[in-house]
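Work through the exercises below with the sequence and the coordinates at hand. Each task is followed by a solution in steps.

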Amino acid sequence: MMRKKAILFLILALVLLLTGCWNRRELNELAIAVGMGIDKQGDQFRVSLQVVDPGKASAKKGAGGGAPATLYTEEADTIFEAIRKITTISPRRMYFSHLRICVIGESMATEGMAKALDLLSRYHQFRTDFYIVVSKSTSAEDTLKIMTPLDPIPANDLFSSLETSQKNWSPTTTVTLDELVSALTSEGMQPVLTGLRIVGNKEMGETSGNVQEIAPSARLQYSGLAVFRKDRLIGWLNETESRGYNFILGKVQSSVGFVACPGGGKVVSEIIRTQTAIKGSVYRGEPQINIKMQVEANVGEVECTDLDLTQVGTIYDLENKEEEKIEEIMKTAVRKAQKSYKADIFGFGEAIHRADPRTWKSIKKNWDHEYFTELPVHIKVDFKIRRLGTIGSSFLNDIKE
């Protein structure tokens, strides 16, 4: 009898632990947001949400059934209020767990984006695996209106394009919410985000005709890196400076560059591997930074008619030229950050902190405006050519005038 009571008690206890589906929400009750844009309109926030239309996005419906996503936009005193206000025009409540891209409007980034980030990091529906970018010379809302050809859902296109660009080029960088918050709260590093702009006819890009032509009227393009001081946008790095930034931080997985030949033409190299080490030190009370970078590359293209790649001396000369060029690109980024923006976007302060915590404690308050601007940065690049491709010397040597 006691055994039966014990079993019954155990069953009742387990039943109490089962939550069941008390808070379930059916798929047809949710609006799945994949893209989010936040702009500032006067004292109010303008929030734009790109929502997937499951029926039109499915492969069975094809591309002729209308836009696979729709955009909802509302304004309010706070971002959370604007999101809930969208329910006045949307038949479904917004669901953010599948968010792919968040675009911060340039106007809002200039004033400060911390308020937006607080919501993104606090609200339980937001994961931390989406990318954050800044609209450049346009609003975040407008970037989410442009229809994209290869991926019918623009937010997915932006997510994949940014990943591909970072892995195969080098003037862009992927930044997730966790990484951005970490940079904002760091005492020795300022945040950097990739810029996003509209190229072409914006009005035509918002129509279905934009994806029905072989050459779309408008495209979304990642362009340069946005430099912040804490949460405020203070300027932009151009393409060369953005490459230098990524070289310094060791974010270059693959890229392409060239050096000039003595007799004219270019030798193009494909970078296949990089490794960067940043070390801080304090010498006689003055901080300094040493950067060592190892680069491995393959020869990708040869335009020179007087270059013999089968000679060891030729390879050695090309490696030296590549080292000098990459070092100069990295120095260009450092000079821009030191002289123009006075913002340590490289994390040099963190390197000094690791090397000498006592010295860092005494200089961290004046780091960006005083010490960083005059910080000696020593850069050494070791460039190695691994392969010449499927041929040795170019057939251009055999072409006679």
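**Exercise 1. The largest pocket**

How much space lies in the largest pocket? Describe the lining as well.

Solution. The model is a predicted one.

Step 1. The space in the largest pocket comes to about 500 Å³.

Step 2. The lining has 26 residues, and those closest to the centre of the pocket are S161, R219, L220, Q221 and Y222.

Step 3. Assign the lining to secondary structure. At least two residues come from each of α7, β7 and β8. The largest share belongs to β8, with seven residues.

Step 4. Sort the lining by residue class: 13 residues are nonpolar, eight are polar and five are charged.

**Exercise 2. The largest cavity**

Which residues line the largest cavity? Give its volume and the elements that contribute to it.

Solution.

Step 1. Searching the whole structure for cavities of 30 Å³ or more yields one. The volume of the largest cavity is about 60 Å³.

Step 2. Its lining consists of F80, I83, R84, T87, R93, M94, F96, Y123 and Q125.

Step 3. Helix α3 (79-85) and strand β4 (93-95) each contribute at least two of the lining residues. The most, three residues, come from α3.

Step 4. By class, the cavity lining has five nonpolar, two polar and two charged residues.

**Exercise 3. Geometry and packing of α7**

Why does the end-to-end distance of helix α7 agree with the span it should have? Then list its buried residues and their packing partners.

Solution.

Step 1. Helix α7 covers residues 154-168, which is 15 residues. The expected span is 1.5 Å times one less than the number of residues. For α7 this span is 21 Å, and the C-alpha atoms at its ends are 21 Å apart, so the two values agree.

Step 2. The buried residues of α7 are P154, A155, N156, D157, L158, F159, L162, S165 and Q166.

Step 3. These buried residues pack against six strands by name: β1 (30-41), β2 (44-52), β5 (101-104), β6, β7 and β8 (218-229).

**Exercise 4. The buried face of α8**

Which residues of helix α8 are buried? Determine how they are arranged about the axis.

Solution.

Step 1. In α8 (residues 177-185), L177, L180, A183 and L184 are buried.

Step 2. Viewed down the axis of α8, the buried residues fall within an arc of 130°, and therefore they line one face of the helix.

Step 3. The packing partners of the buried residues of α8 are α5 (114-122), β6 (131-135) and β7 (192-200).

**Exercise 5. Positive phi outside glycine**

Where do S137 and K342 lie? State phi and the exposure class of each.

Solution.

Step 1. S137 is in the loop between β6 and α6 (140-143). Its phi is positive, about 60°, although S137 is not a glycine.

Step 2. The relative accessibility of S137 is 69%, so S137 counts as exposed; the cut-off for that class is over 50%.

Step 3. K342 is in the loop between α11 (312-341) and α12 (348-355). Phi of K342 is also a positive value, near 50°, in a residue other than glycine.

Step 4. K342 has a relative accessible area of 32% and is therefore partly exposed.

**Exercise 6. Two helix residues and their distances**

What does K85 touch, leaving out residues up to four places away in sequence? Locate K85, and treat P54 in a similar way.

Solution.

Step 1. K85 belongs to helix α3. With a relative accessible area of 38%, K85 is partly exposed.

Step 2. The residues that K85 touches, not counting those up to four places away in sequence, are E74 and E75.

Step 3. From K85 to I345 the C-alpha distance is 37 Å, for a separation of 260 residues in sequence.

Step 4. P54 lies in helix α2 (residues 54-57). Its relative accessibility of 47% makes P54 partly exposed.

Step 5. Between P54 and I278, which are 224 residues apart along the chain, the C-alpha atoms are separated by 47 Å.

**Exercise 7. The whole protein**

How many helices and strands are there in the protein? Add overall values for extent, burial and contacts.

Solution.

Step 1. The protein has 14 helices and 13 strands.

Step 2. Along the principal axes, its C-alpha atoms fill a box of roughly 90 × 60 × 60 Å.

Step 3. Of the 401 residues in the protein, 46% are buried.

Step 4. Among contacts with a separation of 6 or more, 72% are between residues 24 or more positions apart.

Technical notes. Residues are numbered from 1 along each chain as its sequence is written. This is a predicted model: local features need pLDDT of at least 70, side-chain atom pairs count only at pLDDT 80 or more; totals for chains, interfaces and linings use all residues. Side-chain values use heavy atoms; hydrogens and water are left out. Buried means under 20% relative accessible area, exposed over 50%, partly exposed in between (1.4 Å probe, protein chains only). Helices (H or I, at least four residues) and strands (E, at least two) are DSSP runs, numbered from the N terminus. The arc is that of the directions from the helix axis to the C-beta atoms. Contact means heavy atoms within 4.5 Å. On a 1 Å grid over the protein atoms alone, a cavity is a set of points where a 1.4 Å probe fits but cannot get out, and a pocket is an open set with protein on both sides within 12 Å along at least five of seven lines; lining residues have an atom within 4 Å of a point. Grid points are joined across faces, edges and corners, and a volume is the space filled by probe spheres set on the points. Ala, Val, Leu, Ile, Met, Phe, Trp, Tyr, Cys and Pro count as nonpolar, Asp, Glu, Lys and Arg as charged, and the others, Gly among them, as polar.
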